[in-house]
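Let's take a walk through a structure together. Have a look at it first, and then we'll go through it piece by piece.

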Number of protein chains: 2
Amino acid sequence: MLARSSTVSADFPGIFTDSKPRSSAPIRIFLNEFSYKKGTEIFGEKEPADYVYQVVTGAVRSYKLLSDGRRQIGAFHLAGDIFGLEIGSDHRFTAEAIVDTTVRLMKRRSLELVAESDVTVARNLLNMTTSNLRHAEDHMLLLGRKTSLERVAAFLIEMDRRSTAAGVLALPMCRRDIADYLGLTLETVSRALSRLHDLDILGFVGNTQRQIVLRDREKLASFDLQN
Amino acid sequence: MLARSSTVSADFPGIFTDSKPRSSAPIRIFLNEFSYKKGTEIFGEKEPADYVYQVVTGAVRSYKLLSDGRRQIGAFHLAGDIFGLEIGSDHRFTAEAIVDTTVRLMKRRSLELVAESDVTVARNLLNMTTSNLRHAEDHMLLLGRKTSLERVAAFLIEMDRRSTAAGVLALPMCRRDIADYLGLTLETVSRALSRLHDLDILGFVGNTQRQIVLRDREKLASFDLQN
DNA sequence: CGGGGGCTTGAGGCCACTCAACGATAGTGG
DNA sequence: CCACTATCGTTGAGTGGCCTCAAGCCCCCG
């Protein structure tokens, strides 16, 4: 039970920022921190959505499965991101910790109650849903019409944009995750990365293949067509 | 200027239904009907989103283009559907009439004003955005992971579900539109339909290839894997 | 009747997938 | 400390599903 005394807005900025100072009596919303080991499930598709989550540290993948095991990752959630926000009663994705992850969670019901009275919170709920929608729309274009090289380039640019640290891109997810996000196989992702490496567009840091430095953002961007 | 005297809810059911009876003085919202000839643009991507649209008769496609002309259709809008609803200031898709189409339109600004005061309208905005999001999420799975036959089967099932008339599916869009919706080529779509025809799962009505009768919904559904 | 758009079908090619081998790294336990 | 194993990533060879290119049919329409 954290944040008893802190303002809510400091803890769930995506939902509460831009809110005018609220009534002197602070709204009490339960905020618990919770940790998940690498690879464990945070919630499953079609489970009731009782909580909304925010990544504190770590990374999360949200995905859907076909009955034969094919997987489509809809989004990666990094530090600060809010996920599991559903308007309907059930989750539409399964969420798993990619690495050891701690999240902050709040009762969805509490959020709804606040949204009832606070117009700003309600609008921010709409804004977050909209930004999820925008991402999904852009991703449809990628999945439906882009080549493997274009997809990988777009992925690197997206991760670079979202990354806090300038310079080195530290990818928390494995090649298979990237592949399932981009609608490819892990081998194709690996080949695309190798090709970008051969073209001196990116470099690997040390011996790990999860830390990438973008040597030529401009050339990289030329592979990610505008729309 | 229609609907001067009618209630708003009757005209924009997607936004206003489930609303409790509002104040005795009806809210005045401009409602114009407008017609577009087959193939003409209703609005373009990145244009300011001043209006929200509802299909009265006809059909509309919403799509994004890559700079080299590759196209991804994000959604088809049929009679009754609301489209062009943006939270940001600009449209994120281009919308075109697939056939001769009449739409009803309202000033977005008016809608926002109503949403400010009427919580139910605000919630319905959120619900509509959410249902767009759900569709996009499902479509990502289709585009990223399904085979051509699965995609076409899913498309037929979706159109059948949305179609008002039971029995015959009257598709307003051409094969190229279907292909750009499913991330395929028109030839692949045609081959998939032929294959379903050969399997006695569907039939064509008369000499036209746009009217389809589903002979065996169960077998069709078996091609569209659950997730 | 000629022309064009929409659709189907065939033949061939290519990009991404499949299958496989291999190296590197990290974690485990002797 | 060193096998031992499992996981992750890269790379190569070959396949296959969808794309490309092309021909031809049908229907509509001027």
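What follows starts with the two protein copies and then moves on to the DNA.

Keep in mind that you're looking at a predicted model. Start with chains A and B. Turn chain B by 180 degrees, with a shift of 0.0 Å along the axis, and it can be laid on chain A with an RMSD of 0.0 Å. The two copies are thus related as by a two-fold rotation axis. The same surface also serves both of them, since 100% of the contact residues of chain B turn up again in chain A.

Now for DNA strand C. Which residues of the protein come closest to DNA strand C? Of the 19 residues that surround the strand, the closest are Thr188(A), Asn207(A), Ser190(B), Ser194(B) and Arg210(B). Sort that surface by class and you get nine polar, six charged and four nonpolar residues.

And what part of the DNA does the protein meet? Among the atoms of DNA strand C within 4 Å of the protein, 64% belong to sugar or phosphate, and the rest belong to bases.

Let's zoom in on a few side chains of chain A. Thr188(A) has a polar side-chain atom 2.5 Å from a phosphate oxygen of DNA strand C. Asn207(A) reaches a phosphate oxygen too, with a side-chain N or O atom 2.8 Å away. Glu187(A) goes for a base instead: one of its polar side-chain atoms lies 3.1 Å from a base nitrogen of the strand.

Finally, step back to the helices. Helix 7 (186-198) of chain A and helix 7 (186-198) of chain B are the elements that each give two or more residues to the surface near DNA strand C. The largest share, five residues, comes from helix 7 of chain B.

Technical notes:
Residues numbered from 1 in each chain as written. Chains lettered and ligands numbered in written order. Predicted model: local features only at pLDDT ≥ 70, side-chain atom pairs only at ≥ 80, totals over all residues. Heavy atoms only, no water. Near = heavy atom within 4 Å. Polar contact = N/O pair within 3.5 Å; in protein donor to acceptor, adjacent residues only side chain to side chain. Helix = DSSP H or I, 4+ residues; strand = E, 2+ residues; numbered from the N terminus. Nonpolar A, V, L, I, M, F, W, Y, C, P; charged D, E, K, R; others polar. Least-squares fit on C-alpha atoms with pLDDT ≥ 70 in both. Contact = heavy atoms within 4.5 Å.
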